[in-house]
Structure formats: structure tokens, C-alpha cells
Amino acid sequence: MNKQNPSILVAGGGAIGGITAALLKKASRDIEIVVRDEAYASLIREKGIEISGTCGNHVVRIPAYSSISDIKEKKDIIILATKATGMIDAALSLKTILGENGYLISLQNGICEDDLVSVIGKNGIIGCVTGWGATMERHGKLIMTSKGDFILGYPDREPDDFLSEIATILSSVVPSRVTTNIIGNKYSKLIINSCITSLGAICGLYLGEMLAIRKIRRIFIEIIREAVLVADKMNLRIEVFSGRLDFREFIKNEGFAGDFKRHLLIRAIGLKYRRLKSSALQSLERGQKTEINYLNGFIVKHGNELGVEVPVNSAIVDIVHDIEEGRRQISIANFNDPFFNRFN
């Protein structure tokens with residue numbers, strides 16, 4: 001492995017993967033990308049990816065493929081930027097071109113590392129929290145919608161010099177740092193997604209509209225309470241989200257004053273990101289499965305294993321699965337389910 005300039009493959013040409021690949025290529029890194037269809041791969045090779053937003057305006061051509069079998073050389077680093085729903089199939093295919101002592105970096109929402117370890121092996125996984133936002137206007141036209149960072153860590157051991165070098169490389173995209181507690185960082189983001197992304201998928205509202213409704217804010221708070229209880233049983237230290245939101249402090253004080261502060265904070269989030277549309281909602285609208293099993297489903301799975309009652313997260317998982325299978329429609333009326341009557 002060339003540790004100074006490792007060969008890198010980005011798997012996935014969506015907003016996050018495409019922008020990551022383009023900015024790495026712009027920084028003269030040894031980078032290629034694999035996407036799902038040949039038309040998109042051809043566009044990337046011949047015309048380039050057009051990126052804009054908080055990263056500036058750039059058009060970057062990148063060696064691109066639509067089939068892993070077309071990639072002839074093994075890679076030192078593979079950045080897996082697919083949805084969690086497709087990551088295992090992708091990882092199984094990518095394993096064939098991951099070099100000896102190579103690493104797969106997981107950019108998925110939720111906590112997927114255990115599943116990826118079963119494919120790649122425990123010494124070949126780097127967990128990563130993506131703390132910035134992006135959207136795809138169309139194939140080849142990507143927008144970085146918000147600034148943020150990458151947080152990198154090994155799931156089972158302390159950071160080393162090599163991990164710091166990878167953080168330096170990824171700093172060509174956004175500021176990047178290493179952590180000794182990658183699972184705690186990923187769990188922190190998982191909690192936020194379990195509230196914002198999953199509730200948005202159920203009701204179909206933009207974030208501002210959704211969080212203006214008191215009943216939904218109360219459900220939001222209960223998702224967090226259950227998630228913290230599960231983390232306690234897991235002996236997991238939850239990192240402060242985005243350096244500002246301490247979930248334990250958030251749920252600590254009971255009574256009117258504590259509730260007032262919680263609701264005020266949630267309303268503020270809704271106002272700041274009022275036009276944010278749930279990524280899970282967008283998946284459902286495209287007829288695709290959501291990542292619910294790696295979000296609220298992770299809380300439910302570990303809650304059940306550890307004897308922690310997580311009824312709200314369980315109900316949310318069931319409703320999203322009902323929507324995926326066509327047994328329910330995306331609608332605010334889903335929160336009229338009798339289960340949620342206690343939040344009126």
C-alpha cells in the first residue's frame with residue numbers, strides 16, 4: 001500500500017460520493033469512481049461532475065466505471081458511498097478489488113460496521129460520520145448544501161498514524177478528524193436521523209412543518225429517551241452531536257421547565273432547516289427501501305437483545321415497513337394511530 005498517495009475508489013455516484021470523488025480528484029489524488037449505469041459513468045469520464053454550493057463551483061472529470069469487473073487494479077482504499085440498503089451486496093463485489101491490507105471506509109447512515117466486518121473482516125473497516133449535506137440535482141450536477149466534517153475511526157481499536165493520514169487526504173473534501181469513539185459518534189448521528197429522517201418518511205412533511213406540531217415533537221423526544229436507555233445498556237458513550245447537542249442533558253430535567261426547553265430547541269431546529277426533506281421520504285417517493293433498519297431498527301434490535309423497552313422506535317419501524325410494503329400511505333394521519341394517543 002502506498003500510504004502517502006493510496007489508490008482510492010469511490011463506490012457510489014450520488015451527492016456525497018460524487019462530491020467526495022470530485023474534490024479528491026481536484027486535489028490530485030489517485031481516484032476512480034464506480035457508479036450504477038454506463039451512461040452516468042460515461043458522463044463523468046467525458047464531461048465531468050459539476051459541483052457547486054458551499055464547496056465552490058467546479059467541473060471535474062474522473063476515471064469512471066459502471067462495473068467492478070472493469071477495474072483492473074486493486075485499491076488501497078474503497079470509500080463506500082452507497083445507501084445502507086445496498087451496502088452488503090456492494091461490499092461483497094468490492095472485496096475482490098480491495099488490496100491486501102486495504103481498507104473500506106463506510107459513509108453509510110446508521111451503524112453498519114458489524115455487517116461490513118462480516119464481509120471485509122474486522123481489520124479492514126474504517127467507520128466514518130459524514131457531517132455535511134449534499135443533494136443531486138441530476139446525474140452529474142451535485143450541490144454541497146451545508147458545510148461540515150468527516151469523523152473517522154476504527155470500530156475496534158485506537159487511531160494510528162495511518163488513520164490520521166487518511167483524515168489528511170479527506171480534508172481535501174471537508175475538514176476531517178479521527179476519534180477514539182467512532183461508534184459513539186455514529187450513534188449520535190443515528191439518533192438525529194431516527195428522529196428527523198424517520199418521522200419525515202412517515203408524515204411526508206418538510207422539517208419545519210413537521211416540528212411545528214407538538215405531538216410530533218413529543219414523539220421526537222421519546223425516540224431520544226429510548227435511544228439513550230439502549231446506549232446505557234450497551235455501555236456506549238454517546239458523543240455530543242455536532243459539538244452542540246448533548247442527548248443526556250437534553251432529556252435530563254423533568255417538569256415544565258425541562259419540557260419547555262426541549263420543545264424550544266426542537267422548534268429552533270425546525271426553523272433553521274425548515275425546507276429539509278427527509279432522505280428516507282425521498283427514497284420512498286422513488287419506490288426504494290429506506291435505511292430504517294440501520295436507524296430506529298438498530299435501537300430496537302439492541303433494545304430487544306438487552307431487555308430495554310423501546311415501544312416508540314418499534315412503532316416507527318413497523319409504520320415505515322408498512323409504507324414500504326404498500327400497507328400504508330405516507331401521511332400525517334399515520335400519527336393518528338391509537339399507539340400515539342398518549343402524545344396528544
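**Exercise 1. A charge over a ring**

Task: In this predicted model, find which ring Arg275 lies over, and at what distance from the ring centre.

Solution. Start at Arg275. Arg275 lies over the face of Tyr206. The distance to the ring centre is 3.9 Å. Now look at Arg157. Arg157 lies over the face of Tyr154, at 3.9 Å from the ring centre.

**Exercise 2. Classify a ring pair**

Task: Decide whether the rings of Tyr103 and Tyr154 are stacked, edge-to-face or tilted.

Solution. Step one is the distance. The ring centres of Tyr103 and Tyr154 are 5.8 Å apart. Rings pair if their centres lie within 6.5 Å. Step two is the angle. The planes stand at 35°. Stacked needs under 30 degrees, and edge-to-face needs over 60. The pair of Tyr103 and Tyr154 is therefore tilted.

Step three places the residues. Tyr103 sits in strand E7 (residues 98-106). Tyr154 sits in the loop between strand E11 (150-153) and helix H5 (161-170). The two are 51 residues apart, so the pair links distant parts of the chain. Both Tyr103 and Tyr154 are buried.

Step four widens the view. The structure holds eight aromatic pairs. Elsewhere, ring pairs join Phe335, Phe339, Phe340 and Phe343 into a cluster.

**Exercise 3. Two helix packings**

Task: Work out how helix H6 is oriented relative to H8, and then relative to H13.

Solution. Two packed helices are described by the angle between their axes and the distance between the axes. Take H6 (residues 182-203) and H8 (residues 214-234). Their axes are 10 Å apart, at an angle of about 150°. Angles over 145 degrees count as roughly antiparallel. So H6 is roughly antiparallel to H8. The crossing of H6 and H8 is right-handed. Among the H6 residues in this contact are Tyr187, Ile191 and Leu199. The H8 side includes Ile216, Phe220 and Val230.

Next take H6 and helix H13 (residues 311-324). Their axes come within 10 Å and cross at roughly 45°. Roughly parallel needs under 35 degrees, and roughly perpendicular runs from 65 to 115. H6 and H13 are therefore oblique to each other. H6 passes H13 in a left-handed crossing. Ser198, Leu199, Ala201 and Ile202 of H6 make the contact with Ile316, Ile319, Val320 and Ile323 of H13.

**Exercise 4. Buried, partly exposed or exposed?**

Task: Sort Glu222, Glu285, Ser28 and Asn235 by exposure.

Solution. Use two cut-offs: buried is under 20% relative accessible area, exposed is over 50%.

- Glu222 has 19% relative accessibility, so Glu222 counts as buried. Glu222 lies in helix H8. Not counting residues up to four places away in sequence, Glu222 touches Val312, Arg342 and Phe343.
- Glu285 has a relative accessible area of 49%, so Glu285 is partly exposed. Glu285 lies in helix H11 (residues 279-285). The C-alpha atoms of Glu285 and Glu324 are separated by 9.9 Å, while the two residues are 39 residues apart along the chain.
- Ser28 has a relative accessible area of 59%, so Ser28 is exposed. Ser28 is in the loop between helix H1 (15-26) and strand E2 (31-34).
- Asn235 has a relative accessible area of 73%, so Asn235 is exposed. Asn235 is in the loop between H8 and helix H9 (247-252).

Last step: check phi. Ser28 is not a glycine, yet its phi is positive, about 70°. Asn235 is not a glycine either, and its phi is positive, about 55°.

Terms used
Residues numbered from 1 in each chain as written. Predicted model: local features only at pLDDT ≥ 70, side-chain atom pairs only at ≥ 80, totals over all residues. Heavy atoms only, no water. Phe/Tyr/Trp six-rings, centres within 6.5 Å; stacked < 30°, edge-to-face > 60°. Helix = DSSP H or I, 4+ residues; strand = E, 2+ residues; numbered from the N terminus. Buried < 20%, exposed > 50% of the residue type's maximum accessible area, 1.4 Å probe, protein only. Lys NZ or Arg CZ within 6 Å of the ring centre and 35° of its normal. Axes fitted to C-alpha atoms, helices over the stretch in contact; angles between N-to-C directions. Left-handed = near helix turned anticlockwise from the far one by under 90°. Contact = heavy atoms within 4.5 Å.
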